[in-house]
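Colleague: Could we zoom in on one part of this model and go through it strand by strand? I'd like to know what pairs with what, and then how the rest of the fold relates to that.

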Amino acid sequence: MHWPAEAVWEAVAPLLPGFTVEVLPQLDSTNSELMRRARTGQSDPILLVAEQQTAGRGRLGRGWQSAAGDSLTFSLGLALAPADWSGLSLAVGVSLAESLHPALRLKWPNDLWLDDRKLGGILIETASFGAGGGRYAVIGVGLNVAPPAAQGLSTPPASLRELLPYAQAPDVLQLVAAPLVADLLRFAQAGFAPFHARFDARDALAGRAVTLSDGSAGIARGVGETGSLLVHTAAGLQAVSSSEVSVRPAAP
Ligand code: BTN
């Protein structure tokens, strides 16, 4: 595969001094690798791509499986010091969806969806970094480019080729990388506010019946100022943060 490492570097380096791009044929997980490096004091901004991951990780302790060529798997590591971290994963989803296609929707907190099927996911981890409250953020992104082999999932995943028939993982990286860095810097300055309306425009759950993992149910009513999911339940309007519950649309 030919990766646009130079083009990505040229677009991003002016925004992030010291930025590097690294593409490796195989890794356990790009997130794990950048977290290991952060623990040994390597905190320069980097985009790390793995053509194949052998132990890709998803949110909530799940795995992320992908075959070489069928999927784009990368992590962006950079020091960030936003006044408030809430809503970061939503901002990342907004950025990716806007860079890729108008048909993509966001399933709170941070899945990319096409027609109610998962097309991509985001795993954000942070490591403490020096003095002064800034942290090194590792923003991991997995996007299905070609249809993944059946994984025994009840809803088969979606892939970008449904929208962009000739898409290859390197093209997809070029589409998303520089806008993602620009959006992360915007988030560090201004928090979730500049992403709120943009999230609303792609909210896959708004107005739909949802079930929360704590067993309660209600109607999703968009997100609050810090990106929490607003759900109208029998007990009234509840603001749900991603650390508390997961959410799925109720069966129609
Ligand atoms: C999820 O949907 O639960 C999040 C999936 C995140 C997958 C990406 S692939 C690149 C990076 N490295 C990992 O191990 N995970 C993230």
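Let's start here: do strand β8 (residues 209-212) and β12 pair in the parallel or the antiparallel sense, and over how many bridges?

Modeller: Antiparallel, and over three bridges. A quick word on the ground rules: this is a predicted model, so local features need pLDDT of at least 70 and side-chain atom pairs count only at pLDDT 80 or more, while totals for chains, interfaces and linings use all residues. Residues are numbered from 1 along each chain as its sequence is written, and side-chain values use heavy atoms, with hydrogens and water left out. Strands here are DSSP runs of E with at least two residues, numbered from the N terminus, and two strands pair if DSSP finds at least two bridges between them.

Let's stay with β8 for a moment. On the β12 side you can pick out individual partners: Thr-211 is bridged to Arg-248 in β12, and Val-210 sits opposite Pro-249, also in β12. If you click through the model, those two pairs are a handy way of finding the β8-β12 seam.

Now turn to the other neighbour, β9 (residues 217-223). β8 and β9 run antiparallel too, joined by three bridges. Ala-209 is the residue to look for here, since it stands opposite Ile-219 in β9. The link between these two strands is a hairpin, with four residues between β8 and β9. Gly-215 is in that turn, and its phi is positive, at about 95 degrees.

Follow the chain onward and you meet another hairpin. β9 and β10 (residues 229-233) run antiparallel and are joined by four bridges. Ala-220 of this pair stands opposite Val-231 in β10. Five residues lie between β9 and β10, and a glycine turns up in this turn as well: Gly-227, with a positive phi of about 90 degrees.

Put those pieces together and you have an open sheet of five strands, in the order β11-β10-β9-β8-β12, with antiparallel pairing. The edges are β11 (236-240) and β12 (247-249); each has a single partner strand, so one side of each is left without a neighbour in the sheet. As background, strands of a sheet pair through backbone hydrogen bonds, either parallel or antiparallel.

How does that sit beside the rest of the fold? There is also an open sheet of seven strands, ordered β1-β2-β3-β7-β6-β5-β4, and its pairing is mixed. Its edge strands are β1 (20-27) and β4, each pairing on one side only. Within this sheet, look at β3 and β7 (residues 135-144): they run antiparallel and are joined by ten bridges. One pair to click on there is Leu-78 and its bridge partner in β7, Ala-137.

Two spots in the loops of this part of the chain deserve a look. Leu-60 has a positive phi of about 55 degrees although it is not a glycine, and you'll find it in the loop between β2 (46-53) and β3 (71-80). The other is a cis peptide bond, running from Trp-108 to Pro-109, with omega near 0 degrees. Pro-109 belongs to the loop between β4 (105-107) and β5 (111-114).

Since you work at the bench, you'll probably ask about the ligand too. It is surrounded by 20 residues, the closest being Ser-29, Gln-53, Arg-57, Arg-59 and Lys-118; a residue makes that list if one of its heavy atoms lies within 4 Å. For Lys-118, an N or O atom in the side chain is 2.5 Å from an oxygen atom of the ligand. The side chain of Ser-29 likewise has an N or O atom 2.7 Å from a ligand oxygen. Asn-31 comes in through its backbone: a polar backbone atom there is 3.5 Å from a nitrogen atom of the ligand.

To come back to your question, then: β8 has β12 as an antiparallel partner over three bridges, and β9 as an antiparallel partner, also joined by three bridges.

Technical notes. Polar contact = N/O pair within 3.5 Å; in protein donor to acceptor, adjacent residues only side chain to side chain.
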